[in-house]
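Student: Got a minute? I'd like to go through this model with you, piece by piece.

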Amino acid sequence: MQAEALRMAEKRLREGRTAREAALAERRAQALAAAPEIARHEAAIADEHQRMLREAAGSPGDVQRIVRERRAAVQQQRTLIAQALQRAGMPADALDLQYACAKCRDDGYLYDPIARPCSCLERERMEALVQLSGLSMDEPCSFALFNAERFPETPMPELGGRTQRAHMKAVMRLCAQFAEDYPGTPQRGLLFTGPSGLGKTFLLQSIARRCMERGVPTLAVTAFRMVDAMRAYHFGDRDAHGLQLLLDVDLLCIDDLGAEPLLENITIPHLLTLLAERRARGRGIVIATNLSHRELMLRYSERVSSRLLDASYVSAIPFAGQDLRMTR
């Protein structure tokens with residue numbers, strides 16, 4: 001599946017590059033139709049490059065002056081092209097190829113000097129892996145959509161007297177900072193605990209989305225999907241790559257832990273392995289659950305709950321207050 005995901009990722013990059021090249025060709029045709037003089041300026045640029053090569057070959061001791069003068073002449077022609085485009089109602093960079101990734105120029109690889117995958121290829125590869133594994137969550141959220149006004153201003157004793165709104169503003173800032181800084185965060189994980197309808201899933205998916213936008217390989221799954229991947233692996237499904245992806249991805253976000261089935265010899269042992277392996281590899285995790293700390297221990301055993309609540313690895317964030325789903 002890894003090789004197939006890489007092929008899918010490279011294909012997506014090629015298709016995107018082809019589409020942008022086609023768009024450039026269309027813009028170029030429009031520009032030449034609106035401003036034919038652009039062709040003359042482009043020919044002048046080509047002439048200047050040829051002149052630079054001839055003069056440099058004839059006067060090798062004067063190369064710096066020749067390059068400086070010819071570059072100035074080329075820049076003058078480019079300025080005239082930009083002005084012609086603007087008169088035609090087009091942006092000055094309309095004849096430039098618009099790269100989706102400026103680092104690798106949509107090649108997918110960086111050469112410095114040995115070829116290595118660019119972050120854009122890694123992001124596409126991860127998305128392909130998610131697609132092939134069937135583990136992805138739907139309806140991604142975003143910090144930009146966070147609306148603090150939806151939370152009541154009522155002081156909450158379980159939040160130390162703070163209002164639910166003030167608490168959620170602080171939690172949102174913490175989550176947004178985690179998403180911006182990861183993997184350079186003090187802790188490698190977050191644990192959201194509290195009743196349903198308080199915004200845990202929204203913030204978990206917002207973290208996942210922002211990390212993906214930053215190029216961090218990230219996977220967001222429900223606990224049910226997680227256990228389904230564990231079950232497939234446990235019973236020897238040769239096409240079951242989901243558990244390996246859960247282990248390997250840089251940041252794993254698990255929603256609704258506690259709602260998944262407790263399968264004998266599967267859920268708890270594999271969850272223990274997942275947590276232990278990810279910590280050993282220095283990989284991050286964000287978990288949302290409706291269970292309290294005590295309920296986590298009762299459901300999963302002390303060995304699992306101690307890893308979930310390890311303050312050196314995970315920062316536990318309580319959620320409390322009014323169920324927003326009941327106020328819509």
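Student: Let's start in the middle of things: which residues does Thr193 touch, not counting residues up to four places away in sequence?

Tutor: Thr193 touches Lys200, Thr289, Leu291, His293, Ile317, Pro318 and Phe319, where contact means heavy atoms within 4.5 Å. Before we go on, keep in mind that this is a predicted model, where local features need pLDDT of at least 70, side-chain atom pairs count only at pLDDT 80 or more, and totals for chains, interfaces and linings use all residues. Residues are numbered from 1 along each chain as its sequence is written, and side-chain values use heavy atoms, with hydrogens and water left out.

Student: Okay. Is Thr193 buried or exposed?

Tutor: Thr193 counts as buried, at 8% relative accessibility. The cut-offs are under 20% relative accessible area for buried, over 50% for exposed and partly exposed in between, with a 1.4 Å probe and protein chains only.

Student: And where does Thr193 sit?

Tutor: In strand S3, residues 189-193. Helices (H or I, at least four residues) and strands (E, at least two) are DSSP runs, numbered from the N terminus.

Student: What sheet does that belong to, and what's the strand order?

Tutor: An open sheet of five strands, ordered S4-S5-S6-S3-S7, with parallel pairing. Strand S4 (218-222) and strand S7 (314-318) are the edges, each with a single partner strand, so one side of each has no neighbour in the sheet. From one strand to the next, the twist averages 10°. For pairing, DSSP has to find at least two bridges between two strands.

Student: What holds paired strands together in general?

Tutor: Strands of a sheet pair through backbone hydrogen bonds, either parallel or antiparallel.

Student: How many bridges are there between S3 and S6?

Tutor: Five, in the parallel sense. One example is Gly189, whose bridge partner in S6 is Ile285. S5 and S6 also run parallel and are joined by five bridges, with Cys253 opposite Val286 in S6. On its other pairing, S5 (residues 251-257) meets S4 over five parallel bridges, and there Cys253 is the bridge partner of Ala220.

Student: What about the surroundings of S6, then: how many of its residues are buried?

Tutor: Six of the six residues of S6 (residues 284-289) are buried, so the strand is largely enclosed by the rest of the structure. Gly284, Val286 and Ala288 point one way, while Ile285, Ile287 and Thr289 point the other way. In a regular strand the side chains alternate between the two faces of the sheet.

Student: Switching to helices. At what angle do H7 and H9 pack?

Tutor: H7 and helix H9 (residues 267-280) pack at about 100°, with their axes 10 Å apart. Axes are lines fitted to C-alpha atoms, for helices over the stretch in contact, and angles run from 0 to 180 degrees between N-to-C directions. That makes H7 roughly perpendicular to H9, a label for angles of 65 to 115 degrees.

Student: Which side chains are in that interface, or at least which residues meet?

Tutor: Met226, Val227, Met230, Tyr233 and His234 in H7 meet Thr267, His270, Leu271 and Leu274 in H9.

Student: New topic, odd backbone. Which residue pairs are joined by a cis peptide bond?

Tutor: Asp112 and Pro113 are joined by one, with omega about -10°. Tyr182 and Pro183 are joined by another, with omega about 10°. Pro113 is in the loop between strand S1 (109-111) and strand S2 (115-117), and Pro183 is in the loop between helix H5 (164-181) and S3.

Student: What about phi at Arg105 and Asp106?

Tutor: Arg105 has a positive phi of about 55°, and Asp106 has a positive phi of about 65°. Neither is a glycine. Most residues other than glycine have a negative phi, and most peptide bonds are trans. Arg105 lies in the loop between helix H3 (63-87) and S1. Arg105 counts as exposed at 54% relative accessibility, whereas Asp106 counts as buried at 3%.

Student: Zooming out, how many helices and strands does the chain have?

Tutor: The chain has 11 helices and seven strands. Its radius of gyration is 27 Å, well over the 20 Å that the globule rule gives for 328 residues, so the chain is more spread out than a compact globule. That radius is taken over C-alpha atoms, and the rule is 2.2 Å times the number of residues to the power 0.38.

Terms used:
Parallel < 35°, antiparallel > 145°, perpendicular 65-115°, else oblique.
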